[in-house]
Amino acid sequence: APCALRPAPLLATVGSTLGHGAWADGAPMAAASAAAPAAEEYPAAEAEMAAHCFDALVDHFRGRPPPQPRFDTSPTVPLFVTLSTVSETGARSLRGCIGSLSPRPLSELSSYAHSSAFRDRRFSPLEEHEVPSLAIGVSLLVDYRPAAHFLDWEVGTHGVIITFEVRGRSYSATYLPEVAPEQGWDQREAILSLVRKAGYRGTVDEALLASIRVTTYRSSKTELSYAEYAASRAGRAPGALDKEAA
């Protein structure tokens, strides 16, 4: 199940869905993509951003206020926070993903981490004992461009936003860049899946596919496992959260 969008400022994981979760913004995706700045105006995702998201969850369980960021929070950028559970064998499963296709201040990153952990309606709220098994990813979306047609993008490089209309009703959905390769899809298979993710249940023929407007984007992404996070914070080691909370 892909990502969700959160309306700003209220959470709504209904409507269009994202690759890996739900999104958080009420603005139509076409408007969001049109307003996005050029790629060089965006910051790059850095490991400290994922560590900050871990800080937010750890401090939540310890009853402390949200942490202060240790990175530049002045830029605004479309973003997603993805929580994955990693088993002892290395198998991964999605645990929560919330984000926004409209530019948001990086100062809100801890809020998106909290929403991914506790307000993604597809999952039960995160429990404290799960934190040491998490990996947290932060994706900053950059370089929005209109595609010439629905196949005019590269699997593994581009995220895609689709918009189309049928009998006066508008549909839209998006997948982050990693979704298509994770699922083993080519461009056509990914677009067909997005059409269904957008909520359209009618016949998908060549005429419909030709009518789809596609916007591509790239993702600057960083990810940390809990072990990597713990190593970055003095005095913490994997499992320390459980011991301190006991």
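Which residue in β4 is the bridge partner of Thr-76? Select Thr-76 in this predicted model and look across to β4, where Pro-105 is the partner.

**The whole chain**

Before going further, display the entire chain, which contains eight helices and eight strands. It has 246 residues, and 51% of them count as buried. The accessible surface comes to about 10900 Å², with carbon and sulfur atoms contributing 51% of that area. Among contacts between residues at least 6 apart in sequence, 70% link residues at least 24 apart.

**The hairpin of β3 and β4**

Next, select residues 92-105, which form strand β4; this strand pairs with β3 in the antiparallel sense over ten bridges. The two strands make a hairpin with five residues between them. Within the turn, pick Gly-90, whose phi is positive, at about 95°.

Now move to Ser-84, which lies in β3, residues 76-86. Ser-84 counts as buried because its relative accessibility is 8%, below the 20% cut-off. Leaving out residues up to four places away in sequence, Ser-84 touches Arg-92, Ser-93, Arg-95, Ser-133, Leu-134 and Ala-135. A distance label from Ser-84 to Cys-97, C-alpha to C-alpha, should read 8.7 Å, and these two residues are 13 apart in sequence.

**Helix α3**

Select residues 109-118 to bring up helix α3, which is mostly covered, with eight of its ten residues buried. The buried residues are Leu-109, Ser-110, Tyr-112, Ala-113, Ser-115, Ser-116, Ala-117 and Phe-118. They pack against α2 (47-61), β3, β4 and β5.

**Two nonpolar cores**

In soluble globular proteins, nonpolar side chains tend to be buried together. To view this here, show Ile-162, Phe-164, Ile-191, Val-195 and Ile-212, which touch the most other members of the largest nonpolar core, a set of 31 residues. The elements giving two or more residues to this core are β4, β5 (134-146), β6 (159-166), β7 (169-175), α4 (179-183), α5 (187-197), α6 (206-211) and β8 (213-225). Strand β6 provides the largest share, five residues. Centre the view on Ile-212: apart from neighbours within four places in sequence, Ile-212 is in contact with Ile-162, Thr-163, Phe-164, Ile-191 and Val-195.

A second, separate core has 30 residues; among them are Leu-79, Tyr-112, Leu-134 and Ala-230.

**Strand β6 and its partners**

Return to β6, a mostly covered strand in which seven of eight residues are buried. Strand β6 pairs with β8 in the antiparallel sense over five bridges, and with β7, also in the antiparallel sense, over seven. Select Thr-163 to see both pairings: its bridge partner in β8 is Arg-213, and its partner in β7 is Ser-172. The hairpin of β6 and β7 has two residues between the strands, and Arg-167 there takes a positive phi near 50°.

**The cavity**

Where is empty space left inside? The structure holds one cavity of 30 Å³ or more, and the largest cavity has a volume of about 40 Å³. To find it, select its lining: Trp-153, Val-155, Gly-156, His-158, Gly-159, Val-160, Tyr-175, Leu-176, Pro-177, Ala-180, Pro-181 and Ala-190. The elements that give two or more residues to this lining are β6 and α4.

Conventions: Residues are numbered from 1 along each chain as its sequence is written. This is a predicted model: local features need pLDDT of at least 70, side-chain atom pairs count only at pLDDT 80 or more; totals for chains, interfaces and linings use all residues. Side-chain values use heavy atoms; hydrogens and water are left out. Helices (H or I, at least four residues) and strands (E, at least two) are DSSP runs, numbered from the N terminus. Buried means under 20% relative accessible area, exposed over 50%, partly exposed in between (1.4 Å probe, protein chains only). Contact means heavy atoms within 4.5 Å. Accessible areas come from the Shrake-Rupley method with a 1.4 Å probe; for residues, only the protein chains shown count as cover. Two strands pair if DSSP finds at least two bridges between them. A nonpolar core is a set of buried Ala, Val, Leu, Ile, Met, Phe, Trp, Tyr and Cys residues joined through side-chain atoms within 4.5 Å. On a 1 Å grid over the protein atoms alone, a cavity is a set of points where a 1.4 Å probe fits but cannot get out, and a pocket is an open set with protein on both sides within 12 Å along at least five of seven lines; lining residues have an atom within 4 Å of a point. Grid points are joined across faces, edges and corners, and a volume is the space filled by probe spheres set on the points.
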